[in-house]
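Okay, thanks for letting me jump in. I've got one structure to walk through today, so let's put it up on the screen.

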Amino acid sequence: MTRIEAIIRPWKLEEVKQALDHPWVTGLTVSEVKGHGRQRGHPVIFRGSEYEVDVVPKLKIEVVVPTPLVPRILADLERSLRTGQIGDGKLFVTPVDEAIRIRTGERGEEAL
Ligand SMILES: Nc1ncnc2c1ncn2[C@@H]1O[C@H](COP(=O)(O)OP(=O)(O)OP(=O)(O)O)[C@@H](O)[C@H]1O
Ligand SMILES: [Mg+2]
């Protein structure tokens, strides 16, 4: 099993949900997060003064999926998220040792 974490622009959520609409993607987690990438702060004007905003609101989407599905999901996510502008976000991929579906006690992929 593999966990794919996508840090995305908030307005991309619906497109990402469509990209993840696959029978093996049985669940997902969405979190409101703030962060920065390479550009760090960008200046904003608020009430006539210029401020540095060092973190920008993003959404973090997490899915745990069977590992053979990962290349396909990454390709779908990249396609739906790339605008070519700075701040398109990041995908992180990590192995998952175990999953437990608490209600049934199922383990591993059966638990997804
Ligand atoms: N190395 C990292 N570690 C953890 N989170 C990161 C990392 N890089 C980016 N992020 C998260 O992803 C969000 C979007 O990053 P962003 O797309 O701006 O990356 P970037 O490297 O600056 O690329 P770009 O030049 O396209 O903007 C950040 O706000 C932050 O939450
Ligand atoms: Mg950036």
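Let's start with a quick one: does Val70 count as buried or exposed? Before I answer, keep in mind that this is a predicted model. Right, Val70 comes out at 9% relative accessibility, and the cut-off for buried is under 20%, so Val70 counts as buried.

Where is Val70, then? Val70 sits in helix H2. If we skip the neighbours within four places in sequence, the residues in contact with Val70 are Thr2, Ile4, Val65 and Val93. Take Thr2 from that list: Val70 and Thr2 are 68 residues apart along the chain, yet their C-alpha atoms are separated by 7.4 Å.

Let's zoom out to the helix itself. H2 runs over residues 70-81, which makes twelve residues. From first C-alpha to last, H2 reaches 16 Å, close to the 16 Å you'd expect at 1.5 Å a residue.

Now, which residues of H2 are buried? They are Val70, Ile73, Asp76, Leu77, Ser80 and Leu81. Those residues sit on the same side of H2, because they cover an arc of only 130° around the axis. As a reminder of the general rule, an α-helix has 3.6 residues a turn, so residues three or four places apart point the same way. On the face turned away from the buried side, H2 carries the exposed residues Pro71 and Arg79.

And what covers that buried side? The cover includes strand S1 (2-8) and helix H1 (13-19). Strand S5 (56-65) and strand S6 (90-95) are also part of what covers the buried residues of H2.

Since S1 came up, let me pick a residue from there. Ala6 is in strand S1, and at 2% relative accessibility Ala6 counts as buried. Leaving out neighbours within four places in sequence, Ala6 is in contact with Leu59, Lys60, Ile61, Lys90 and Leu91. If you want a distance to check on your own screen, the C-alpha atoms of Ala6 and Val30 are separated by 9.6 Å, with the two positions 24 residues apart along the chain.

Next, the loops on either side of H2. Thr67 lies in the loop between S5 and H2. How does Thr67 count, at 37% relative accessibility? Thr67 counts as partly exposed. Not counting residues up to four places away in sequence, Thr67 touches Met1, Thr2 and Glu109. With Thr2 there's a polar contact, side chain to side chain, at 2.8 Å. Thr67 and Pro95 are 8.4 Å apart, C-alpha to C-alpha, and 28 residues apart in sequence.

Glu109 shows up again with Trp24. Trp24 is in the loop between H1 and strand S2 (29-35), and with a relative accessible area of 42%, Trp24 is partly exposed. Besides Glu109, Trp24 is in contact with Val65, Pro66 and Leu69, again leaving aside neighbours within four places in sequence. Trp24 and Pro66 are 42 residues apart in sequence and 7.5 Å apart in space, C-alpha to C-alpha.

Over to the other loop, between H2 and S6, where we find Asp88. Asp88 has a relative accessible area of 16%, so Asp88 is buried. Which side chains make polar contacts with the side chain of Asp88? One is the side chain of Arg9, at 2.7 Å. Another is the side chain of Thr83, at 2.6 Å. Setting aside residues up to four places away in sequence, Asp88 touches Ile7, Arg9, Leu81, Arg82 and Thr83. Leu81 in that list is one of the buried residues of H2 we met earlier.

Last stop, the ligand. How many residues surround ligand 1? There are 13, and the closest are Arg38, Gln39, Gly87, Gly89 and Lys90. For the polar pairs, a polar backbone atom of Arg38 is 2.7 Å from an oxygen atom of ligand 1. Gly89 has a backbone N or O atom 2.7 Å from an oxygen atom of the ligand. With Lys90 the side chain is involved: an N or O atom there is 2.8 Å from a ligand oxygen. As for cover, ligand 1 has 610 Å² of accessible area on its own, and the protein covers 69% of that.

That's what I had, so over to you for comments.

How values were computed:
Residues are numbered from 1 along each chain as its sequence is written. Chains are lettered from A and ligands numbered from 1 in the order in which they are written. This is a predicted model: local features need pLDDT of at least 70, side-chain atom pairs count only at pLDDT 80 or more; totals for chains, interfaces and linings use all residues. Side-chain values use heavy atoms; hydrogens and water are left out. Helices (H or I, at least four residues) and strands (E, at least two) are DSSP runs, numbered from the N terminus. The expected span of a helix is 1.5 Å times one less than its number of residues. Buried means under 20% relative accessible area, exposed over 50%, partly exposed in between (1.4 Å probe, protein chains only). The arc is that of the directions from the helix axis to the C-beta atoms. Contact means heavy atoms within 4.5 Å. A polar contact is a pair of N or O atoms within 3.5 Å; within protein, one must be able to donate a hydrogen and the other to accept it, and residues adjacent in sequence count only if both atoms are side-chain atoms. A residue is near a molecule or strand if one of its heavy atoms lies within 4 Å of it. Accessible areas come from the Shrake-Rupley method with a 1.4 Å probe; for residues, only the protein chains shown count as cover.
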